[in-house]
Structure formats: C-alpha cells, structure tokens
Amino acid sequence: MPRFALQVEYDGRPFAGWQRQADQPSVQGAIEDALAKLEPGPHTIAAAGRTDAGVHARAQVCHCDLQKPWDAFKLMSALNHHLKPLPVAIVGSSEVDEDWHARFSAHERRYLFRILNRRSRPTLEEGQVWHVAHPLDVEAMREGAKHLIGLHDFTTFRSTMCQAASPVKTLDELSISEVPTTAGLEIHFYLRARSFLHNQVRSFVGTLERVGAGGWHPDKVRDALEAKDRAACGPVCPPHGLYLVGVGYPDDPFA
C-alpha cells in the first residue's frame, strides 16, 4: 500500500476543527470522503496536528495509504476536484516510505496569529484575523513574550481539556512583528516549537494582548507562568486569527 504525504490549506470557518466528527463537518472528514471517491472503502488519515474549530492552515500535513500506485501530482489534482466547493485544497503531494508518519515524523510545528489593529471592523478579512480596535504596545508584548520562550511547565496556558501527558514543553520562538497593510496595521505573532498544548497559542496571544493594551505589566506574564494555574491565564483569544503555517521534518517530503 503506497503512502502519500499531503500538504493541506484550508479556511477553518465552516468546520468544527480538523478531527472527523460524527455529526459536524471537519477537514479530516472532507479529505477522507474525497479519498473514498478515488478508491472505495473507508479511509483514515493522520495529521501533524489537530486544529480547533475556526482555525486555518496554510501548510497542514497529513498522510494517507492507498491501494494502488498514484502519480503524486495526479493524486493532488483528483483530490482537489472532489473537495470542491469546500475551502480545502491539497497544495502538495509526495509518496513517502511506509513508516513515515505525518505526526510522529515531525520535529517542529509553526503557527502564525494575525491581529488587525484598527478602529474599523474588517470586511474582506472577516473571519481571518482577530480585530482589536484599541491601540497595542508591541514592545511591551515583546517584553512579556520573553518570559514564555524556552523549557517551561505551561499548565497556565493549556486548556483544562488538554490530553497531553505533560504540560512541560519547549517554546523555541515567539516573535511579534508589525505589518503595515493597505487594510491597516496587522500585528503578527510567529510561534515555533516541537509541539504545542491544546489552546496554548491562543492563551499566549490573549494574554499578551492584555499586556499590549496596558492591562498587564509584562512581568505579570512571568508570574502567570510560574503560577502553574489555569486561572492565572489571561483571556483566550478567538480562533479565527490562527494559522498552522508549517510542519518541519528531517527530510521535507515537499522539497
């Protein structure tokens, strides 16, 4: 059974998240249904990470096993045909070794969070950014973010429903940049780690927004981290500004 790695882009708004659910639309379910139109029978795909409802992806990665050999490009084209009109597209396809795994072979995940920082509500970017109308102090948010980088117990910044065995993770990067656009100022949060806890990124961004708004001193982020208590976390920001933008592998199957 040949195994294929698929790189997937999707708009998370119509979906209850990545993971297949019996009574709600999911990205996994959409791709598995498309695969069933190419080869009859049930299909189960595995992803590098599960995104929540409303979260987007520019470069999610999953793998599937098929019964017959496929040209990788033709497989991508055929899946995209059957995925229409859903906002899901296969943007890369490559045959991989049978022991390659989208989740377990990965050594890094990369996320982007976008804030649109202007007075007027978004129209063209509605559902794609978190709209924050009040001014934000980016330098203060950077100072607060420094406390989160490195190896820590992130109990404060994970959902109470998180199923990870341990809250101890290493955050390799959390950088914040100002991006002027014709639509107004965007503030981008770029995060990189081997893996993330459930709601970790949204907990970080929601907490740092409080710093940028002046409600928290940057050092209060350190205090919240050291508390190891979910109640010490700032507000969890909405999902629609969050994007999975990359997954790293020792040998990139899409290079």
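1. Contact, as used in this note, means heavy atoms within 4.5 Å. The coordinates under discussion belong to a predicted model. On that basis, the buried residues of helix α3 pack against β8 (168-181), β9, α4 and α5.

2. Which residues of α3 are buried? In this helix, which spans residues 138-146, they are V138, A140, M141, G144 and A145. These residues lie on the same side of α3, because they cover an arc of only 155 degrees around the axis. The side of the helix so defined carries the residues that pack against two strands, β8 and β9, and two helices, α4 and α5.

3. The start of α3 also shows a contact between a side chain and the backbone. There, a side-chain oxygen of D137 comes to within 3.1 Å of the backbone nitrogen of E139.

4. Strand β1 covers residues 3-10, and six of its eight residues are buried, so the strand is largely enclosed by the rest of the structure. In a regular strand, side chains alternate between the two faces of the sheet. The burial of six of eight residues in β1 may be read alongside its pairing with two strands, β3 and β4.

5. How many bridges join β1 to β3, and in which sense do the strands pair? The pairing with β3 (residues 56-65) is antiparallel and extends over seven bridges. Within it, F4 has C64 of β3 as its bridge partner. The pairing of β1 with β4 is likewise antiparallel, over eight bridges. Here Q7 is matched with G92 of β4.

6. A cis peptide bond deserves attention in the loop that precedes β4. The bond from K84 to P85 is cis, with omega near 5 degrees. P85 is placed in the loop between α2 (72-83) and β4 (88-96).

7. Two residues other than glycine have a positive phi and should be inspected. For N199, phi is near 70 degrees. N199 sits in the loop between β9 (184-193) and α4 (200-212). Is N199 buried or exposed? Its relative accessible area is 17%, and the cut-off for a buried residue is under 20%, so N199 counts as buried.

8. The second such residue is K228, whose phi is near 50 degrees. K228 belongs to the loop between α5 (219-227) and β10 (242-248). The loops of N199 and K228 thus adjoin elements already named in connection with α3: β9 and α4 flank the loop of N199, α5 precedes the loop of K228, and each of these three elements is packed against by buried residues of α3.

Terms used:
Residues numbered from 1 in each chain as written. Predicted model: local features only at pLDDT ≥ 70, side-chain atom pairs only at ≥ 80, totals over all residues. Heavy atoms only, no water. Helix = DSSP H or I, 4+ residues; strand = E, 2+ residues; numbered from the N terminus. Buried < 20%, exposed > 50% of the residue type's maximum accessible area, 1.4 Å probe, protein only. Pairing = 2+ DSSP bridges. Arc of directions from axis to C-beta. Polar contact = N/O pair within 3.5 Å; in protein donor to acceptor, adjacent residues only side chain to side chain.
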